[in-house]
Amino acid sequence: MSILEKLREVTTVVADSGDITAISAYHPQDATTNPSLILKAAAQPLYRPLIAQAIAWATEQGGTQTTRLINASDKLAVSIGLELLRLVPGKVSTEVDARLSFDRGLCVAKARKLIRLYEEGGMDRSRVLIKLAATWQGIKAAEELEREGIHCNLTLLFSFAQARACAEAGVWLISPFVGRIYDWYRQHNLLSDETIAKDPGVQSVRQIYDYYKKHRYPTVIMGASFRKVEQIIALAGCDRLTIAPGLLEELSQRHGDLPRALTPPSEAENVPSPLTESEFYWLHNQDPMAVDKLAEGIRLFARDQEKLESLIMEQLRQVEKSNVLA
């Protein structure tokens, strides 16, 4: 039995990919996407029909060129999600535009629109997670959406303050970014000990896991953004782990023992009073890594969203030109 098969016995394995071929190969329970993954997928010939369909649908909706571009981008994200949902038995995460991360109202509006598109595509909202950046505004948007039965995946999570606020808001799932935390500490020469037990990304997830289970928060913890299989193995027993295809392949080729690393404590503790907005910002601000990586993550996702929109805009203009000539 491979390490991947043993991992599945204690943790729900999720594919961190929008690649239909990879997901077909590894049979994960869930799949998660983001603008970077969708941009990469959109470059593949397999996805060209989905882009064409999204542009055709957006053209039918009418409106300004900017409106059609936004509609085509949203439709493409949902169309890829629908394709992935045909391959996985569980849920698919679709991300809200990172440029909306500091606007609670627009996050809520975009989430509702994405869910409506999924439902128009014949998919129940229970199989979709809306991904939002774990800013204070994103967390509060998720709190509102959860009350409407729209489940959320809070991403770009680097600080304990973010994790605590998410649990207190009742969000369905969080995605702490193991690899990006590790990257920051390496970049700043702060890793005096390279053993996996001292890996700051692994330690972050373990701290969150212990805190959530000790206080009996139902929010699901899904470790994400791994750099090496040792980080994954060190978190065996976590609720979920979202893993890139290359690391899934490596896990499937490895054999040996896989001890469970995370186990819920038997005794519960009283839940503390929820963080206020000012307390959240103060605690988050105490962690320079988290401040840097949250801001960087939003910028990078926004950049890839803009690249995706440029690709769609080029084809949208070609369609408009063809319509004029016709």
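1. Leu154 and its contacts. In this predicted model, Leu154 has a set of contacts beyond its neighbours within four places in sequence. Leu132, Ala133 and Ala134 are among them, as are Gly138, Ile139 and Ala142. Leu154 also touches Cys166, and further along the chain Val171, Leu173, Ile174 and Ser175.

2. The largest nonpolar core. Leu154 is one of the residues that touch the most other members of the largest nonpolar core, which has 91 residues. The others in that group are Ile130, Leu132, Ile174, Tyr212 and Ile243. Helix 5, spanning residues 65–85, contributes the most to this core, with 9 residues.

3. A separate core. Another core, of 14 residues, lies apart from the largest one. Its members include Phe158, Ile181, Ala290 and Leu294.

4. The barrel. The sheet is a closed barrel of 8 strands in the order 1-2-3-4-5-6-7-8, and the pairing is parallel. On average, neighbouring strands are turned by 30 degrees against each other, with direction ignored.

5. Strands 1 and 2. Strand 1 (residues 12–16) pairs with strand 2 (residues 30–32) in the parallel sense, over 3 bridges. Within this pair, Val14 stands opposite Asp30 of strand 2.

6. Helices on the sheet. Helix 5 packs on the sheet and touches strand 2, strand 3 (92–95) and strand 4 (128–133). The direction of helix 5 makes about 170 degrees with that of strand 3. Helix 12 (residues 245–253) lies across strand 1 and strand 8 (240–243). Relative to strand 8, helix 12 runs at about 110 degrees.

Technical notes:
Residues are numbered from 1 along each chain as its sequence is written. This is a predicted model: local features need pLDDT of at least 70, side-chain atom pairs count only at pLDDT 80 or more; totals for chains, interfaces and linings use all residues. Side-chain values use heavy atoms; hydrogens and water are left out. A nonpolar core is a set of buried Ala, Val, Leu, Ile, Met, Phe, Trp, Tyr and Cys residues joined through side-chain atoms within 4.5 Å. Buried means under 20% relative accessible area, exposed over 50%, partly exposed in between (1.4 Å probe, protein chains only). Helices (H or I, at least four residues) and strands (E, at least two) are DSSP runs, numbered from the N terminus. Contact means heavy atoms within 4.5 Å. Two strands pair if DSSP finds at least two bridges between them. Axes are lines fitted to C-alpha atoms, for helices over the stretch in contact, and angles run from 0 to 180 degrees between N-to-C directions.
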